[in-house]
Amino acid sequence: MFHCNRGDEEDMTVVVYKIADDFRGYNTELEKADTKSNLQTQHTGLNTVWSRCFTLTAVCVLLLCVLLLSAITVLWIQFTSLNTENNQLQTSYNNLPIEGDQSQTSYNTLTRERDQLLQERLELHSALLKLGWRFFNSSVYNISTEMKSWTESRDYCRERGADLVIINSKEEQEFISKILGRRKAWIGLNDRDREGEWKWVDGTPLNTEFWGQGEPNGAAREDCVIIRDYTDPVWNWSDYPCSRQFIWICEKTVVI
């Protein structure tokens with residue numbers, strides 16, 4: 001059996017306390033190490049959070065700068081456009097007096113020309129009336145006082161810038177019959193080129209006709225047309241030999 005004396009007991013007690021102290025020191029170091037590790041972990045986590053916050057903030061600031069730059073660009077373009085339009089409006093406004101003066105000058109010139117033309121027309125109207133011309137719509141008519149053949153009558157009219165009358169409507173027919181009265185007069189209708197194919201002196205075919213009863217009836221012997229002295233103001237045309245002599249009616253188109 002193993003026996004320990006008092007000295008040995010004391011020595012063992014010292015060893016036990018030393019071991020306990022060493023063990024407590026070791027635990028303390030471990031706790032310090034754990035604490036340091038925890039602090040380092042917390043510090044690393046904080047660094048990561050701050051890094052993320054900084055990155056997000058930087059991105060937001062960058063986007064805000066881009067938006068502000070875009071807004072400034074749009075506003076500058078709009079300002080430039082408005083400024084250009086304002087300059088154009090100002091230029092137009094400044095030109096208004098000049099354009100107004102030009103318009104007034106043009107108006108005055110046109111007014112003088114109109115008045116002059118009206119005066120000339122009135123003078124022509126008066127002169128034609130004195131010469132025996134009669135007005136109907138846009139034409140003037142003159143009845144001769146002497147008698148000639150159909151060809152001579154037409155030559156007379158053409159020498160004066162007119163021609164034998166062409167009748168295109170019932171109203172014109174009634175007007176001519178009225179101013180003619182009960183006289184016979186040549187009109188500008190004939191079939192000398194081809195029998196039965198009646199044409200006016202301007203070459204147009206006969207479309208509106210006012211033959212008297214039984215007319216035309218002269219066949220190849222009567223190729224020219226007169227208005228007769230019948231009481232009917234409408235149906236009073238008759239064909240006659242072109243060599244016969246009658247008075248005639250000249251017609252001229254004018255603007256009065």
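**View 1. C60, a partly exposed cysteine.** In this predicted model, C60 has a relative accessibility of 42%. That value lies between the 20% limit for buried and the 50% limit for exposed, so C60 counts as partly exposed.

**View 2. The disulfide of C157 and C250.** The sulfur atoms of C157 and C250 sit 1.9 Å apart and form a disulfide. The torsion about this S-S bond is about -85°, so the link is left-handed. C157 belongs to helix α2 and C250 to strand β8, so the bond ties together parts that are 93 residues apart in sequence. Both ends are buried: C157 has a relative accessibility of 0%, and C250 has 2%.

**View 3. The disulfide of C224 and C242.** Here C224 is joined to C242, with an S to S distance of 1.8 Å. The S-S torsion is 95°, and the link is right-handed. C224 lies in strand β6, while C242 lies in the loop between β7 and β8; the two are 18 residues apart. C224 is buried at 0% relative accessible area. C242 is at 15%, under the 20% limit, so C242 is buried too. The disulfide count comes to 2. With the bonded cysteines numbered in sequence order, the pairing reads 1-4, 2-3.

**View 4. The hairpin of β1 and β2.** Strands β1 and β2 run antiparallel and are joined by 4 bridges. One residue to find is W133, whose bridge partner in β2 is N142. The hairpin has 2 residues between its strands. In this hairpin, N137 adopts a positive phi near 55°.

**View 5. S144, in the loop after β2.** S144 is found in the loop between β2 (139-143) and α2 (150-159). This serine is buried, with a relative accessible area of 6%. A polar atom of the S144 side chain lies 3.0 Å from the backbone oxygen of E146. Beyond its neighbours within four places in sequence, S144 is in contact with I247 and W248.

**View 6. Helix α3 and what covers it.** Helix α3 spans residues 170-180. Its buried residues are E172, Q173, F175, I176, S177, I179 and L180. The cover over these buried residues includes β1 (133-136) and β2, along with β4 (185-190) and β6 (224-227). Strands β7 (237-240) and β8 (247-253) are also part of that cover. G181 follows the helix and has a positive phi, near 75°.

**View 7. I176 and its contacts.** I176 is one of the buried residues of α3. Leaving aside neighbours within four places in sequence, I176 is in contact with Y141, V165 and I167. I227 and I249 complete that set of contacts.

**View 8. The largest nonpolar core.** This core holds 41 residues. Those with the most contacts inside it are I167, I176, W186, I187, L189, W200 and W237. Helices α2 and α3 each give two or more residues to the core. So do the strands β1, β2, β4, β6, β7 and β8.

Key: Residues are numbered from 1 along each chain as its sequence is written. This is a predicted model: local features need pLDDT of at least 70, side-chain atom pairs count only at pLDDT 80 or more; totals for chains, interfaces and linings use all residues. Side-chain values use heavy atoms; hydrogens and water are left out. Buried means under 20% relative accessible area, exposed over 50%, partly exposed in between (1.4 Å probe, protein chains only). A polar contact is a pair of N or O atoms within 3.5 Å; within protein, one must be able to donate a hydrogen and the other to accept it, and residues adjacent in sequence count only if both atoms are side-chain atoms. Contact means heavy atoms within 4.5 Å. A nonpolar core is a set of buried Ala, Val, Leu, Ile, Met, Phe, Trp, Tyr and Cys residues joined through side-chain atoms within 4.5 Å. Two strands pair if DSSP finds at least two bridges between them. A disulfide is a pair of cysteine sulfur atoms within 2.5 Å.
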